[in-house]
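Here is a friendly walk through one protein model, with its strands, a few chosen residues and its empty spaces in turn. Keep the structure open beside you as you read.

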Amino acid sequence: MSDKINISELVCTRISHDLIGNIGAFANAVELMEDDDGEFLEDIKNTLKISSAVLNARLKFFRMAFGLQNANLENMDIVKKTTADYLQSLNLGHPIKADINVISSPFNRAVMLACMCAAETIVRGGTVKVSSTRQAVIVSALSDAPLAESKIAAMQAVLDGETPENISQYAPLFYLAKILADEGRKLTINVLNGFSLIIS
């Protein structure tokens, strides 16, 4: 899979896509502030506040999940907070929460990436839950609303060695599968009770 696909290109494309909308909103708000006579000042301030919070949360997450190894990946509290903040930035109208139980630090990057993948399946709010057994770490998408079946099917196709449409959308999964394979670990999908990524 990774021999045929340039994962770094996928990651760069995906990160750019996930940041560009809020950068544009931020830039537009600054431009409006320069031209505004005060009538929309509160709306502009609110846009700037929200956009900067989203950008901050996503940049911190991307740095840890995709960047070079750093000490923050060893700190469980930072991993949990960074992941929770990222998930909350995804859909402000239908929030996605984090429920992350204790995990061991060697899995932290993988768990962050798995949380990113699980969140992709949640359409109208829900929770990304991380739990573990002696054999595996399980990252599940939980929601009262139906999950995105097309994305689940595409993720399974990726793990089966196929190339989905809009391939950069699945950059986190490609990267996750590669780092786990490099460590001799396995990634599987379970759809019996919703959607779970299982790292074993």
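Lys-129 is a good place to begin, and this residue is found in strand β2. Helices and strands here are DSSP runs (H or I over at least four residues for a helix, E over at least two for a strand), numbered from the N terminus. Please keep in mind that this is a predicted model, in which local features need pLDDT of at least 70, side-chain atom pairs count only at pLDDT 80 or more, and totals for chains, interfaces and linings use all residues. Residues are numbered from 1 along each chain as its sequence is written, and side-chain values use heavy atoms, with hydrogens and water left out.

**The strands around Lys-129**

Lys-129 counts as partly exposed because its relative accessibility is 32%; the scale runs from buried (under 20% relative accessible area) through partly exposed to exposed (over 50%), using a 1.4 Å probe and protein chains only. Setting aside neighbours within four places in sequence, Lys-129 is in contact with Asp-99, Asn-101, Ile-138, Val-139, Ser-140 and Leu-142, where contact means heavy atoms within 4.5 Å. Asp-99 is also linked to Lys-129 by pairing, since Lys-129 is its bridge partner in β2. From Lys-129 to Arg-58 the C-alpha distance is 19 Å, with their positions 71 residues apart in sequence.

How do the strands pair? Two strands count as paired if DSSP finds at least two bridges between them. Strand β1 (residues 96-100) runs parallel to β2 (residues 126-132), with five bridges. On β3 (residues 137-142), β2 pairs in the antiparallel sense, over six bridges. Val-130 has Val-139 as its bridge partner in β3. A hairpin is formed by β2 and β3, with four residues between them.

**Two threonines in α3 and a leucine in a loop**

Thr-82 is found in helix α3, and Thr-83 has its place in helix α3 too. Thr-82 is classed as buried because its relative accessibility is 9%; Thr-83 is buried because its value is 1%. The side chain of Thr-82 reaches the backbone oxygen of Ile-78 at 2.7 Å, while that of Thr-83 reaches the backbone oxygen of Val-79 at 2.8 Å. Beyond four places in sequence, Thr-82 touches Lys-60, Phe-61, Met-64 and Met-112. With the same kind of neighbours left out, Thr-83 is in contact with Phe-61, Ile-100, Met-112 and Cys-115.

Leu-147 lies in the loop between β3 and α5 (149-159). Is this loop residue buried or exposed? Leu-147 counts as buried, because its relative accessibility is 14%. Its contacts beyond four places in sequence are Thr-121, Ile-122, Val-123, Ala-141, Ile-152, Gly-194 and Phe-195. Met-112 is 35 residues from Leu-147 along the chain, and their C-alpha atoms are separated by 20 Å.

**Pockets and a cavity**

Rolling a probe the size of a water molecule over the atoms shows where empty space is left. On a 1 Å grid over the protein atoms alone, a cavity is a set of points where a 1.4 Å probe fits but cannot get out, and a pocket is an open set with protein on both sides within 12 Å along at least five of seven lines; lining residues have an atom within 4 Å of a point. Grid points are joined across faces, edges and corners, and a volume is the space filled by probe spheres set on the points.

| Space | Volume |
|---|---|
| Largest pocket | about 340 Å³ |
| Second largest pocket | about 220 Å³ |
| Largest cavity | about 40 Å³ |

The largest pocket has 17 lining residues, and Arg-14, Asp-18, Leu-90, Glu-120 and Lys-151 lie nearest its centre. Helix α1 (residues 7-35) gives the most to this lining, three residues.

Among the residues that line the second largest pocket are Lys-60, Met-64, Ile-78 and Thr-82. Two or more residues each come from α2 (41-66) and α3 (76-88), and α2 supplies the largest share, six residues.

Which residues line the largest cavity? They are Arg-14, Met-116, Cys-117, Glu-120, Met-155, Gln-169, Tyr-170, Pro-172 and Leu-173. The elements giving two or more residues to this lining are α4 (108-119) and α6 (171-182).

Definitions and conventions
Polar contact = N/O pair within 3.5 Å; in protein donor to acceptor, adjacent residues only side chain to side chain.
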